[in-house]
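Work through the following exercises with the sequence and the structure side by side, and try each task before reading its solution.

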Amino acid sequence: MKKKAIKIIIASILFIFAITINFNNELVNNIIFIISYLIVGLEILKKAIRNIFRGKVFDENFLMSVATIGAFGIGEFPEAVAVMLFYQVGEYFQNYAVNKSRKSISSLMDIRPDFANVLRNNNIEKVEPNEVKIGETIIVKPGEKIPLDGIIVEGQTSLDTKALTGESLPREVATGDEILSGSINIDGVIKIEVTKPYGESTVSKILDLVENASTKKSKSENFITKFAKYYTPIVVIIAVFLAIIPPLVLKDASFSDWLYRALSFLVVSCPCALVISIPL
(Lines give C-alpha, C1' and ligand atoms only; values in the text may rest on other atoms or scores of the structure.)
Protein backbone atom coordinates (compact mmCIF):
# COMPACT_ATOMS: atom_id res chain seq x y z
CA MET A 1 0.00 0.00 0.00
CA LYS A 2 2.77 2.47 0.92
CA LYS A 3 4.71 1.58 -2.21
CA LYS A 4 1.68 2.28 -4.40
CA ALA A 5 0.95 5.54 -2.57
CA ILE A 6 4.54 6.70 -3.12
CA LYS A 7 4.28 5.86 -6.84
CA ILE A 8 1.04 7.81 -7.17
CA ILE A 9 2.49 10.84 -5.35
CA ILE A 10 5.68 10.89 -7.45
CA ALA A 11 3.73 10.43 -10.69
CA SER A 12 1.29 13.19 -9.68
CA ILE A 13 4.12 15.61 -8.91
CA LEU A 14 5.76 14.91 -12.28
CA PHE A 15 2.39 15.20 -14.06
CA ILE A 16 1.60 18.58 -12.45
CA PHE A 17 5.19 19.70 -13.03
CA ALA A 18 4.96 18.90 -16.76
CA ILE A 19 1.60 20.66 -17.13
CA THR A 20 2.35 23.85 -15.18
CA ILE A 21 5.97 24.51 -16.18
CA ASN A 22 6.73 25.31 -19.80
CA PHE A 23 10.26 24.31 -20.76
CA ASN A 24 9.85 25.72 -24.28
CA ASN A 25 10.86 22.24 -25.32
CA GLU A 26 8.11 19.78 -26.16
CA LEU A 27 10.50 16.83 -25.99
CA VAL A 28 11.40 17.53 -22.34
CA ASN A 29 7.72 17.84 -21.39
CA ASN A 30 6.87 14.60 -23.20
CA ILE A 31 9.70 12.73 -21.48
CA ILE A 32 8.39 13.85 -18.07
CA PHE A 33 4.88 12.69 -19.05
CA ILE A 34 6.25 9.31 -20.17
CA ILE A 35 8.18 8.86 -16.90
CA SER A 36 5.04 9.73 -14.92
CA TYR A 37 3.02 7.30 -17.04
CA LEU A 38 5.48 4.43 -16.57
CA ILE A 39 5.54 4.94 -12.79
CA VAL A 40 1.78 4.37 -12.48
CA GLY A 41 1.00 2.54 -15.71
CA LEU A 42 3.73 -0.06 -16.08
CA GLU A 43 1.91 -2.42 -13.72
CA ILE A 44 -1.28 -2.20 -15.82
CA LEU A 45 0.66 -2.80 -19.04
CA LYS A 46 2.28 -5.90 -17.54
CA LYS A 47 -1.12 -7.22 -16.40
CA ALA A 48 -2.57 -6.67 -19.86
CA ILE A 49 0.34 -8.55 -21.50
CA ARG A 50 0.15 -11.41 -18.96
CA ASN A 51 -3.60 -11.74 -19.48
CA ILE A 52 -3.15 -11.85 -23.26
CA PHE A 53 -0.85 -14.88 -22.91
CA ARG A 54 -3.39 -16.45 -20.54
CA GLY A 55 -6.17 -16.04 -23.08
CA LYS A 56 -7.89 -13.16 -21.24
CA VAL A 57 -7.33 -10.52 -23.88
CA PHE A 58 -10.21 -8.09 -23.63
CA ASP A 59 -10.34 -6.95 -20.02
CA GLU A 60 -10.16 -3.52 -18.36
CA ASN A 61 -6.34 -3.68 -18.25
CA PHE A 62 -6.20 -4.15 -22.02
CA LEU A 63 -8.74 -1.36 -22.50
CA MET A 64 -6.73 1.06 -20.34
CA SER A 65 -3.47 0.10 -22.07
CA VAL A 66 -4.81 0.47 -25.61
CA ALA A 67 -6.56 3.77 -24.86
CA THR A 68 -3.54 5.36 -23.16
CA ILE A 69 -1.05 4.11 -25.76
CA GLY A 70 -3.46 5.47 -28.38
CA ALA A 71 -3.40 8.82 -26.59
CA PHE A 72 0.40 8.83 -26.85
CA GLY A 73 0.02 7.95 -30.54
CA ILE A 74 -2.00 11.09 -31.26
CA GLY A 75 0.20 13.27 -29.08
CA GLU A 76 -2.18 13.60 -26.13
CA PHE A 77 0.45 12.86 -23.51
CA PRO A 78 -1.37 14.57 -20.58
CA GLU A 79 -4.56 12.60 -21.39
CA ALA A 80 -2.69 9.28 -21.31
CA VAL A 81 -1.07 10.01 -17.95
CA ALA A 82 -4.24 11.44 -16.38
CA VAL A 83 -6.38 8.40 -17.25
CA MET A 84 -3.83 5.95 -15.83
CA LEU A 85 -3.15 8.13 -12.79
CA PHE A 86 -6.82 8.48 -11.84
CA TYR A 87 -7.36 4.77 -12.37
CA GLN A 88 -4.52 3.94 -9.98
CA VAL A 89 -5.93 6.37 -7.40
CA GLY A 90 -9.23 4.47 -7.62
CA GLU A 91 -7.39 1.15 -7.21
CA TYR A 92 -5.52 2.54 -4.20
CA PHE A 93 -8.72 3.50 -2.39
CA GLN A 94 -10.20 0.10 -3.22
CA ASN A 95 -7.18 -1.68 -1.72
CA TYR A 96 -7.32 0.60 1.31
CA ALA A 97 -10.98 -0.29 1.89
CA VAL A 98 -10.27 -4.01 1.42
CA ASN A 99 -7.40 -3.90 3.95
CA LYS A 100 -9.62 -2.18 6.51
CA SER A 101 -12.28 -4.84 5.91
CA ARG A 102 -9.69 -7.58 6.45
CA LYS A 103 -8.74 -6.07 9.81
CA SER A 104 -12.41 -5.96 10.79
CA ILE A 105 -12.80 -9.57 9.70
CA SER A 106 -9.74 -10.57 11.75
CA SER A 107 -11.28 -9.04 14.86
CA LEU A 108 -14.60 -10.71 14.03
CA MET A 109 -12.86 -14.09 13.93
CA ASP A 110 -12.34 -13.71 17.70
CA ILE A 111 -15.94 -14.83 18.16
CA ARG A 112 -15.05 -18.35 16.98
CA PRO A 113 -15.44 -20.66 20.02
CA ASP A 114 -12.41 -22.77 20.90
CA PHE A 115 -14.23 -25.44 22.95
CA ALA A 116 -17.43 -26.38 24.75
CA ASN A 117 -17.81 -27.72 28.32
CA VAL A 118 -20.41 -30.49 27.98
CA LEU A 119 -22.14 -32.05 30.99
CA ARG A 120 -22.09 -35.83 30.42
CA ASN A 121 -22.75 -38.45 33.15
CA ASN A 122 -22.32 -35.75 35.82
CA ASN A 123 -18.84 -35.00 34.42
CA ILE A 124 -17.70 -31.94 32.47
CA GLU A 125 -16.01 -32.83 29.19
CA LYS A 126 -14.08 -30.27 27.17
CA VAL A 127 -14.86 -30.99 23.48
CA GLU A 128 -14.95 -29.34 20.07
CA PRO A 129 -18.21 -27.36 19.54
CA ASN A 130 -19.11 -29.46 16.49
CA GLU A 131 -19.10 -32.60 18.67
CA VAL A 132 -21.98 -31.35 20.84
CA LYS A 133 -25.44 -32.72 20.01
CA ILE A 134 -28.85 -31.07 20.22
CA GLY A 135 -30.37 -31.49 23.70
CA GLU A 136 -27.03 -31.77 25.53
CA THR A 137 -26.19 -29.34 28.31
CA ILE A 138 -23.11 -27.15 28.21
CA ILE A 139 -21.62 -25.08 30.99
CA VAL A 140 -20.20 -21.63 30.30
CA LYS A 141 -18.02 -19.91 32.89
CA PRO A 142 -17.26 -16.18 33.20
CA GLY A 143 -14.97 -14.94 30.43
CA GLU A 144 -15.79 -17.83 28.08
CA LYS A 145 -17.47 -17.57 24.67
CA ILE A 146 -20.91 -19.05 24.15
CA PRO A 147 -20.05 -21.93 21.77
CA LEU A 148 -23.57 -22.91 20.61
CA ASP A 149 -27.10 -21.53 20.40
CA GLY A 150 -29.43 -22.67 23.15
CA ILE A 151 -31.68 -21.88 26.12
CA ILE A 152 -30.43 -21.17 29.64
CA VAL A 153 -31.65 -23.89 31.98
CA GLU A 154 -29.80 -22.72 35.09
CA GLY A 155 -28.11 -19.53 36.25
CA GLN A 156 -28.05 -15.88 35.23
CA THR A 157 -25.37 -13.59 33.87
CA SER A 158 -24.49 -10.61 31.69
CA LEU A 159 -23.46 -11.14 28.08
CA ASP A 160 -21.15 -9.13 25.87
CA THR A 161 -22.96 -9.26 22.49
CA LYS A 162 -20.89 -6.55 20.82
CA ALA A 163 -19.44 -8.91 18.21
CA LEU A 164 -22.95 -9.91 17.10
CA THR A 165 -25.03 -6.76 17.46
CA GLY A 166 -22.55 -3.91 17.83
CA GLU A 167 -24.26 -3.00 21.12
CA SER A 168 -21.66 -2.08 23.73
CA LEU A 169 -23.95 -2.41 26.77
CA PRO A 170 -24.11 -5.85 28.45
CA ARG A 171 -27.29 -7.91 28.02
CA GLU A 172 -28.79 -9.42 31.15
CA VAL A 173 -30.01 -13.01 30.73
CA ALA A 174 -31.49 -15.63 33.07
CA THR A 175 -33.12 -19.06 33.09
CA GLY A 176 -35.46 -19.55 30.12
CA ASP A 177 -33.79 -16.94 27.91
CA GLU A 178 -32.61 -17.87 24.44
CA ILE A 179 -28.91 -17.31 23.92
CA LEU A 180 -26.80 -17.00 20.76
CA SER A 181 -23.33 -18.35 20.15
CA GLY A 182 -20.59 -15.77 19.69
CA SER A 183 -21.55 -13.82 22.82
CA ILE A 184 -19.13 -13.66 25.77
CA ASN A 185 -20.21 -14.61 29.28
CA ILE A 186 -19.20 -11.80 31.65
CA ASP A 187 -19.89 -12.63 35.29
CA GLY A 188 -21.94 -15.76 36.01
CA VAL A 189 -21.86 -19.53 35.50
CA ILE A 190 -24.73 -20.71 33.29
CA LYS A 191 -26.01 -24.01 31.96
CA ILE A 192 -27.35 -24.03 28.41
CA GLU A 193 -29.45 -26.65 26.64
CA VAL A 194 -28.20 -26.78 23.05
CA THR A 195 -30.95 -26.18 20.46
CA LYS A 196 -28.86 -26.16 17.25
CA PRO A 197 -25.81 -28.09 16.04
CA TYR A 198 -22.64 -26.05 15.55
CA GLY A 199 -23.06 -26.00 11.75
CA GLU A 200 -26.39 -24.18 12.11
CA SER A 201 -25.41 -21.94 15.01
CA THR A 202 -25.26 -18.15 14.73
CA VAL A 203 -21.49 -17.93 15.04
CA SER A 204 -20.93 -20.61 12.39
CA LYS A 205 -23.22 -18.87 9.90
CA ILE A 206 -21.59 -15.48 10.49
CA LEU A 207 -18.09 -16.89 10.01
CA ASP A 208 -19.19 -18.73 6.87
CA LEU A 209 -20.65 -15.55 5.37
CA VAL A 210 -17.53 -13.55 6.21
CA GLU A 211 -15.09 -16.15 4.90
CA ASN A 212 -16.97 -16.54 1.60
CA ALA A 213 -17.75 -12.86 1.07
CA SER A 214 -14.56 -12.26 -0.95
CA THR A 215 -15.60 -14.88 -3.53
CA LYS A 216 -18.78 -12.97 -4.38
CA LYS A 217 -18.48 -9.93 -6.63
CA SER A 218 -20.73 -6.91 -6.23
CA LYS A 219 -23.21 -6.04 -8.99
CA SER A 220 -20.97 -3.22 -10.19
CA GLU A 221 -17.94 -5.54 -10.37
CA ASN A 222 -19.92 -8.13 -12.31
CA PHE A 223 -21.16 -5.40 -14.63
CA ILE A 224 -17.71 -3.97 -15.44
CA THR A 225 -16.34 -7.48 -16.06
CA LYS A 226 -19.14 -8.29 -18.53
CA PHE A 227 -18.98 -4.79 -19.97
CA ALA A 228 -15.23 -5.01 -20.69
CA LYS A 229 -15.63 -8.52 -22.14
CA TYR A 230 -17.93 -7.29 -24.93
CA TYR A 231 -17.21 -3.57 -25.17
CA THR A 232 -13.42 -3.79 -25.55
CA PRO A 233 -13.28 -6.12 -28.58
CA ILE A 234 -16.06 -4.13 -30.32
CA VAL A 235 -14.15 -0.87 -29.85
CA VAL A 236 -10.82 -2.37 -30.95
CA ILE A 237 -12.35 -3.98 -34.06
CA ILE A 238 -14.09 -0.73 -35.06
CA ALA A 239 -10.80 1.16 -34.57
CA VAL A 240 -8.96 -1.33 -36.81
CA PHE A 241 -11.63 -1.02 -39.51
CA LEU A 242 -11.49 2.76 -39.18
CA ALA A 243 -7.74 2.76 -39.79
CA ILE A 244 -7.71 0.28 -42.71
CA ILE A 245 -10.96 0.43 -44.71
CA PRO A 246 -11.33 4.18 -45.52
CA PRO A 247 -7.84 4.46 -47.10
CA LEU A 248 -8.71 1.43 -49.28
CA VAL A 249 -12.13 2.60 -50.47
CA LEU A 250 -11.97 6.40 -50.37
CA LYS A 251 -10.14 8.37 -53.00
CA ASP A 252 -7.19 10.48 -51.79
CA ALA A 253 -7.65 9.10 -48.26
CA SER A 254 -4.42 9.15 -46.27
CA PHE A 255 -3.59 6.13 -44.12
CA SER A 256 -1.84 8.36 -41.54
CA ASP A 257 -4.94 10.57 -41.23
CA TRP A 258 -7.25 7.60 -40.69
CA LEU A 259 -4.81 5.98 -38.27
CA TYR A 260 -4.91 9.21 -36.27
CA ARG A 261 -8.73 9.09 -36.33
CA ALA A 262 -8.73 5.44 -35.25
CA LEU A 263 -6.45 6.26 -32.31
CA SER A 264 -8.64 9.26 -31.45
CA PHE A 265 -11.65 6.94 -31.52
CA LEU A 266 -9.90 4.54 -29.12
CA VAL A 267 -9.08 7.32 -26.66
CA VAL A 268 -12.59 8.79 -26.78
CA SER A 269 -14.16 5.31 -26.48
CA CYS A 270 -12.31 4.48 -23.26
CA PRO A 271 -15.00 4.77 -20.55
CA CYS A 272 -12.58 6.49 -18.17
CA ALA A 273 -15.18 7.59 -15.64
CA LEU A 274 -16.65 4.08 -15.49
CA VAL A 275 -13.28 2.33 -15.19
CA ILE A 276 -12.17 4.74 -12.48
CA SER A 277 -15.43 4.72 -10.50
CA ILE A 278 -15.92 0.94 -10.26
CA PRO A 279 -12.92 0.36 -7.92
CA LEU A 280 -14.14 3.23 -5.74
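Contact here means that heavy atoms lie within 4.5 Å. The model in front of you is a predicted one.

**Exercise 1.** Find the residues with which Leu85 is in contact, leaving aside its neighbours within four places in sequence.

Solution. Begin at Leu85 and apply the cut-off given above, which leads to Ile8, Ala11, Ser12, Phe15 and Val40. Next, place Leu85 in its wider setting: the largest nonpolar core has 30 residues, and Leu85 and Phe15 are among those with the most contacts inside it. Two or more residues of this core come from each of α1, α2, α3, α4, α7 and α8, and α4 supplies the largest share, 8 residues. Apart from this core lies another, of 19 residues, including Val132 and Tyr198.

**Exercise 2.** Decide whether Leu248 is buried or exposed.

Solution. First locate Leu248, which lies in helix α7. Then compare its relative accessibility, 69%, with the cut-off for exposed residues, over 50%; Leu248 therefore counts as exposed. Finally, look at its surroundings: Leu248 belongs to a nonpolar surface patch, with Ile237 and Phe255 among the other members, and the patch has about 950 Å² of accessible area together. The patch draws two or more residues from each of α7 and α8, and α7 gives the most, with 7 residues.

**Exercise 3.** Work out which strands stand at the edges of the open sheet of 3 strands.

Solution. Write down the order, β6-β5-β8, with antiparallel pairing. Because β6 and β8 each have a single partner strand, they stand at the edges, and one side of each is left without a neighbour in the sheet. To check one pairing, follow β5 and β6 over their 3 bridges, where Thr157 stands opposite Val173 in β6.

How values were computed: Residues numbered from 1 in each chain as written. Predicted model: local features only at pLDDT ≥ 70, side-chain atom pairs only at ≥ 80, totals over all residues. Heavy atoms only, no water. Pairing = 2+ DSSP bridges. Helix = DSSP H or I, 4+ residues; strand = E, 2+ residues; numbered from the N terminus. Patch = residues over 30% accessible without salt bridge, like charges linked within 9 Å, V, L, I, M, F, W, Y side chains within 5 Å. Areas by Shrake-Rupley, 256 points an atom, 1.4 Å probe, with all protein chains shown as cover. Salt bridge = Lys/Arg side-chain N within 4 Å of Asp/Glu carboxyl O. Buried < 20%, exposed > 50% of the residue type's maximum accessible area, 1.4 Å probe, protein only. Core = buried A, V, L, I, M, F, W, Y, C linked by side-chain atoms within 4.5 Å.
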